[in-house]
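Hi everyone, thanks for coming. I'd like to walk you through one structure today, so let's put it up on the screen.

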Amino acid sequence: MATPASLHPATPPAISGALAVVACAVMAVSYVAVLYAPTVILRFPPPTSLRTFLHRRFACAAVASAASALATASLLRVWSLSDFADMLAVFGVRKDHLFQAVVIPLLLTSLVYAGSFVTRLWFLASSWGSGDEVEIGCAQRLAQWIQAAVADVMVWRNYVVAPFTEELVFRACMIPLLLCGGFKMSTIIFLSPVFFSLAHLNHLFELHQQGCNFMRSLLIVGVQLGYTVIFGWYAAFLFIRTETWKAKPYDSKMTIPCSIFHCFFNHILVHLTKFMDCNLAA
């Protein structure tokens with residue numbers, strides 16, 4: 001889907017659709033395979049704590065993301081672009097209309113959880129005092145929350161590393177490749193999440209290692225694959241629709257709204273899991 005060279009001399013050339021699909025599949029497999037490199041390939045001893053385990057995975061995810069970005073840049077010949085801002089724009093990293101691209105999708109997504117938000121706010125308002133006590137209580141709770149969040153490795157996993165590395169690989173790298181491979185936008189919206197969903201199949205192996213029986217593991221992973229596909233449809237739609245200049249279809253998208261939406265979705269999922277655990281315990 002590259003535009004004619006006479007209109008945009010620096011536009012990356014189109015690639016074959018088969019090459020685009022193969023590249024996306026390799027990126028998806030590599031993103032997961034690299035996570036096991038420290039113990040399988042580098043022969044590091046097993047991690048002794050959750051923090052060590054996740055630190056290793058953070059490093060592996062960063063390596064896989066950088067490799068995917070370099071591969072995409074090479075296939076699309078991004079190096080031919082003279083302006084560094086144009087290179088970043090190929091991956092959907094732009095600053096124009098950033099506020100609208102972030103706020104509008106976030107508000108749209110929040111409508112789904114409006115009832116939960118109102119209930120939560122009502123609970124907080126009824127549990128606090130009034131006047132100065134409210135201000136002091138809010139400030140103290142906010143400071144405690146920030147301090148706990150910065151020290152919590154799971155917060156970094158759910159709200160920083162996973163959203164930004166996954167959106168870089170599965171949206172910012174794959175969708176431009178598929179666009180330049182000649183696929184229609186509607187096809188890309190429904191095709192690209194398949195790679196994202198299949199990248200979660202490793203959880204089947206991990207659940208089996210933890211002693212979970214095969215059928216239960218298959219059920220858990222099957223449900224996860226289902227909602228990751230639906231999540232991927234929406235994320236791909238956001239990535240493609242946050243455009244402001246349609247003359248260059250491969251670089252008119254934005255990655256940041258998808259990453260923020262991914263953080264928001266993870267936040268809701270974490271609290272939903274806690275709610276389900278509490279109900280099961282009760």
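Before we look at any residue, let me fix one term: a residue is called buried when its relative accessible area is under 20%, exposed when that value is over 50%, and partly exposed in between. And please keep in mind that this is a predicted model.

Let's use that term straight away on S197, which you'll find in helix 9. Is S197 buried or exposed? Its relative accessible area is 5%, and the limit is 20%, so S197 is buried. What does S197 touch, once we set aside residues up to four places away in sequence? The answer is L225, T228 and V229.

Now over to helix 8, where L177 sits. L177 has 0% relative accessibility, so this one counts as buried too. Leaving out neighbours within four places in sequence, L177 is in contact with I15, A20, A23, M27, T72, L75 and L76. There is also a nice distance to pull up here: the C-alpha atoms of L177 and L19 are 8.8 Å apart, although 158 residues separate the two along the chain.

Next, the aromatic rings. How many aromatic pairs are there? The count comes to five. Take Y31 and F170: their ring centres are 5.5 Å apart and the planes meet at 75°, so we call the pair edge-to-face. Y31 belongs to helix 1, residues 17-33, while F170 belongs to helix 8, residues 153-180, so this pair ties together parts that are 139 residues apart in sequence. Both partners are buried, Y31 with a relative accessible area of 8% and F170 at 1%.

A second edge-to-face pair is formed by F190 and W233, with 5.3 Å from centre to centre and 65° between the planes. Here F190 comes from helix 9, residues 185-198, and W233 from helix 11, so the parts being tied together are 43 residues apart in sequence. W233 is partly exposed, with a relative accessible area of 32%.

If you follow the ring pairs around, Y31, F170, F196 and F231 are linked into a cluster. F196 has a charged companion as well: R171 lies over the face of its ring, 4.7 Å from the ring centre. A similar arrangement turns up at Y36, where the charged end of R57 sits over the ring at 5.3 Å from the centre.

Let's move to some helix packing. Helix 10, residues 202-209, packs against helix 11, residues 214-241, at an angle of about 145°, and their axes are 9 Å apart. The crossing is right-handed. On the helix 10 side the contact uses H203, L204, L207 and H208, and on the helix 11 side F214, S217, L218, I220, V221 and Q224. By class, that contact has six nonpolar residues, four polar ones and no charged ones.

Last stop, the backbone. Most residues other than glycine have a negative phi. Which way does R43 go, positive or negative? R43 has a positive phi of about 60°, although it is not a glycine. You'll find R43 in the loop between helix 2 and helix 3, and it is exposed, at 67% relative accessible area. R77 also has a positive phi, of about 55°. R77 is in the loop between helix 3 and helix 4, and at 53% relative accessibility R77 counts as exposed.

That's my tour, and I'm happy to take questions!

Conventions:
Residues are numbered from 1 along each chain as its sequence is written. This is a predicted model: local features need pLDDT of at least 70, side-chain atom pairs count only at pLDDT 80 or more; totals for chains, interfaces and linings use all residues. Side-chain values use heavy atoms; hydrogens and water are left out. Axes are lines fitted to C-alpha atoms, for helices over the stretch in contact, and angles run from 0 to 180 degrees between N-to-C directions. Helices (H or I, at least four residues) and strands (E, at least two) are DSSP runs, numbered from the N terminus. A crossing is left-handed if the near helix is turned anticlockwise from the far one by less than a right angle, and right-handed if clockwise. Contact means heavy atoms within 4.5 Å. Ala, Val, Leu, Ile, Met, Phe, Trp, Tyr, Cys and Pro count as nonpolar, Asp, Glu, Lys and Arg as charged, and the others, Gly among them, as polar. Rings of Phe, Tyr and Trp (its six-membered ring) pair if their centres lie within 6.5 Å; planes under 30 degrees apart count as stacked, over 60 as edge-to-face and the rest as tilted. Buried means under 20% relative accessible area, exposed over 50%, partly exposed in between (1.4 Å probe, protein chains only). A charge sits over a ring if NZ of Lys or CZ of Arg is within 6 Å of the ring centre and within 35 degrees of the ring normal.
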